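Biologist: Could you take me through the place where chain B and chain A meet, and what area they bury between them?

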Amino acid sequence: MAHLIIFLPLIGFLFSFFLGKKYNFKISQIITTSFLFISAFLSWILFFSYLGERDTEVIHIFNWFTSGNFIVDWSIRLDALTTTMFIVVCSVSACVHLYSVGYMNEDPSKIRFMGYLSLFTFFMLMLVSSNNLLQMFFGWEGVGLASYLLIGFWYHKPSANNAAIKAFLVNRVGDFGYALGIAGVFFIFGSIEFDVIFNNAENFKDHTIPFLGLSFSTIDLLCFLLFIGAMGKSAQLGLHTWLPDAMEGPTPVSALIHAATMVTAGVFLVARMSPLFEYAIITNLFITFIGAATAIFAATIALTQNDIKRVIAYSTCSQLGYMFFAAGLGAYNASIFHLMTHGFFKALLFLSAGSVIYAMHHEQDMRKMGGLFKKIPFTGTMMWIGSLAIIGFPYFSGYYSKESILENAYYSDSSMATFAYTIGILTALLTAFYSWRLLFMTFHGETRSDKKNFDHAHESPFVMTLPLALLAFGSIFMGMFFSDYYIGKMQYVFWGDSLVLHEGKHYYLPFIQTLIVKSSVAIGVMLAALIYFYKNNLPKNLAYNLDPLYSISLNKWYVDELYNSIFIKPYFLLANLFWKRGDEKIIDKYGPNGISKIVGLTSGYLSRFQSGYLYHYAFAMLGGLVIILTWFIYY
Amino acid sequence: MTDIPLLSLTIFLPLLSAFVILLIKEDENSLNNIKNVAFWTSVGVFLISLLIWLQFDNTKPGYQFEEKFRWFSDFNFYYHIGIDGISLFMVILSTFLTPLCILASWESIKKRVKEYMLAFLFLETVMIGMFASIDILLFYIFFEAVLIPMYLIIGIWGGDRRIYASFKFFLYTLLGSVLMLIAIVVIYQLTNSMSIEELQGNYFTTNVQLYLWLAFFASFAVKIPMWPFHTWLPDAHVEAPTAGSVILAGVLLKMGGYGFIRFSLGMLPEASEYFAPMIMTLSIIAVIYTSLVALAQTDIKKLIAYSSVAHMGLVTIGIFAVNSQGLEGAMIQMISHGVVSGALFLCVGVIYDRMHTRDINFYGGLVNRMPIYATVFMIFMLGSVGLPGTSGFIGEFLVIVGAFKYSSIVVIGAASGIVLSAVYMLYLYKRIIFGVIENEKLKEISDLNLREKSILIPLAIAVIVIGIFPNIFLDPMRLPIELIISNYEIANGK
């Protein structure tokens, strides 16, 4: 069954890639989409079988390669964590496949698009079902490739091409750390199989390793290197710049890859390796710090963006921050739970945004929207559901997972805990604000779009609204149904040994703290209402009066500009310098060209001896005779 | 079956075919005959080499398919050939690429077709002969003989600055060859033996090893090429015809890596240990420096040439880390690079044949007219970048693992290739393939024809097969490499 779940998407890809053009485009659409629905269905069955007590199962496929004692197998590891990822990936992917049938209806390369989506799903499933670090890396880079192909799907747009390259390269910076991490794990543990690493992790608790001439705690160093990879993939502060640009891709791609699944791979990595991260005390502080910093940093940017997709993109970044600081504090289950609920409601938000964009004929600027609820009530409702879920409105899915993260932060005894908790609450406020700002600007108030566009706005076809409804169902009920298993009283039964769980009790926040959390969310919503709904010229005045702050937020803290001037420009300069100065002026000048010049010069000098004049030769002979005679006389 | 000297057959069949071609009178009608004879011979040679691979016994560390005849009665010089798991794939790489090269030259070579085919067949003979030699003198003869057809291919069928390029090529390699010849004479003086097989181990005193090592180094470092002996390569590539570049990148560079493994590690282990830090330093510089230089290029071929230097830097890191991951990684990296960079040069050839320019700025938006070309190019680009699932990844990653055992600074240098290689390759791909066609001249460019497909698709399959099933390559080389490592460790008292 697990084989089917993983390889059906691959078959779908291969079909549409090699045979797709021979048949009607509908064949490819039907095959890829139905295969994904089968996968999703099977993964739910598998998931339910893991709700009870069921041991981890490893299915061996075949040996990938063996070099000395470096042995890598293709295999499938099934446990609660894997099946959780299976349902998120397959369900969202199936919805996105179906949605794309409608959304990409007018695109001439829709066969290619469906194929890439399936390819992505295959890689993602390989990633989450891996039983060793290297197969995971295979999936890891594979999803990176799929993301690169899909961001640059509209290859005629230069901005899309640049965004695709940026995404790939920034991810590669992370992968640099990840690859080193894998090599390091092998160096220490002698294997990259998860079971071997987990069983031996405790033995290396106080072990140190020399690295670059300094001595590091082994596990801290390894986890740090792996976390660099996670930062790249999950767009954490410093390596986050690619994610907003990735919105150049078609919206279904943003929903699937850049919201629900691929970007959560970093969180998954940390959770999967939790028996190792468990002992990485310093790295955990670092993870908590980066997570919290990303959460608030991205939220501040989301406040002022005008592109509807960018708001959601930064919101993704911010929510990933939540997951990371939860993981850094050791609350891996809360982190994965949030990953799951977030997968559903963020996919819902993105697809709804896609539906808006579809209705508005590819207009993404919220300043040219407004009042759309009357025109597209269904999409509007869906967006409302998604937004309620993201701010953690009671009994929506986000409520359970976000509360759980905050609880864990409140009760954690890590030295970063208070920081994380405070940031968490502040971010919740900002989240509520930008979510409602988006709702108000898009759906309510007076319309600001031109009349023709507004009048032509229409609800999306059924193939697009059905996935929305499915995801909305998930966004509302996933928390209610499964919170017991993920974070509640069934958690030990459910998780088994698939990740590390802390403390037996399930805490509840003291009343005051609950109040603070709830009211901060409410304040956020009300502020948004006040600013964007109550009075129309207020935002402009505010922006004007708070200028430096507003500009920083609008321009994303100028990180892109900073990177451009400290990395990209010097890189090109150095490249030219090495080429023009290094190769041509130094190596060639003193190397081959220099030698040939010397040969030329010396032979020029030497050739003067052969002047052809008899008396020159006679003189040379005489000189030689004198030297030989002198030699004989003295020795 | 076993009575047929398969190995000698692979070596001399191309030469035989060259004689046949020599007898054909060159005119309009016989041109196709000449091409066909050359092509089908090389296909036949490839099939024979596959037969060798099939019969190859993975459980033996030593040489197989040995043939030995005394050459001079007074000296210990033998015609002694055979292959082990290390040379097996070098031979197969040569026999695999040659027919593709001949096919690639089918239409692009217009003048002196007969001589061109002669040169290629002769080249195939000496390449295979070199990798199959067990006698050092025989090795040296083949090693030097490779230069002759290569020099002619660049010098006669090359581009505008071919004279400068072939002169540079010759100058660099000559320096190495002279020193290597001296080293070989010294070896014979000291041991009275010319057998690579017998001399594996630690036969020389440390002092002698150091000098011998440097002499061999001069030759192999130029061939592979290591920074700063690499500047001949971009020029040679740019001026060489497409097929010449393919062989140059695909096989000739591997002579250096092969030599390092056989001679430096195998015969001079103590000196290798002594000089390893220098190799590592030069290799790291090569990886970073040439990756940067590659980015700045405007000529596609030059860019790929520089990327070769960076990839070969990984090979030398892997070799001198001397552990199974490093060495096997280096071997796979060499095989992979042979396929990938060969294929990339062929890809350049495809558009060069159509547009007669290699200027990156000339192109753009090719995907609109050439979707199949864009796809295969993508596969080779990913192979070059080292994406898991392609051949490039296995080599690169094993080298990183091997380097981690050697030193943490080296591993960071080696792993930086992960980022740097992606930078220039993706940037290249974007500029050539993506976007919209702006150049009027490109509006009518046609996609791959049948001949080009039958060249590039086997290579694309090879890239994926090596990436997913690397064990079929790793299994035969495992024991010979273990042998080298154990000799090395005994010699250095590890």
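Modeller: Happily! Chain B and chain A bury about 5,300 Å² between them, with 74% of it on carbon and sulfur atoms; buried area is the accessible area (1.4 Å probe) that two parts lose on being put together, summed over both. In chain B, Leu292(B), Phe397(B) and Phe404(B) lose the most area to chain A, together 12% of what that side buries. This is a predicted model, where local features need pLDDT of at least 70 and side-chain atom pairs count only at pLDDT 80 or more, while totals for chains, interfaces and linings use all residues. Residues are numbered from 1 along each chain as its sequence is written, chains are lettered from A in the order in which they are written, and side-chain values use heavy atoms, leaving out hydrogens and water.

In contact (heavy atoms within 4.5 Å) are 65 residues of chain B and 52 residues of chain A. Between the two chains the count of salt bridges is zero, a salt bridge being a side-chain nitrogen of Lys or Arg within 4 Å of a carboxyl oxygen of Asp or Glu. Helix α17 (residues 408-432) of chain B gives the most to the side of chain B that touches chain A, with 16 residues; helices here are DSSP runs (H or I, at least four residues), numbered from the N terminus. By class, that side of chain B has 44 nonpolar, 15 polar and six charged residues, where Ala, Val, Leu, Ile, Met, Phe, Trp, Tyr, Cys and Pro count as nonpolar, Asp, Glu, Lys and Arg as charged, and the others, Gly among them, as polar.

Terms used:
Helices (H or I, at least four residues) and strands (E, at least two) are DSSP runs, numbered from the N terminus.
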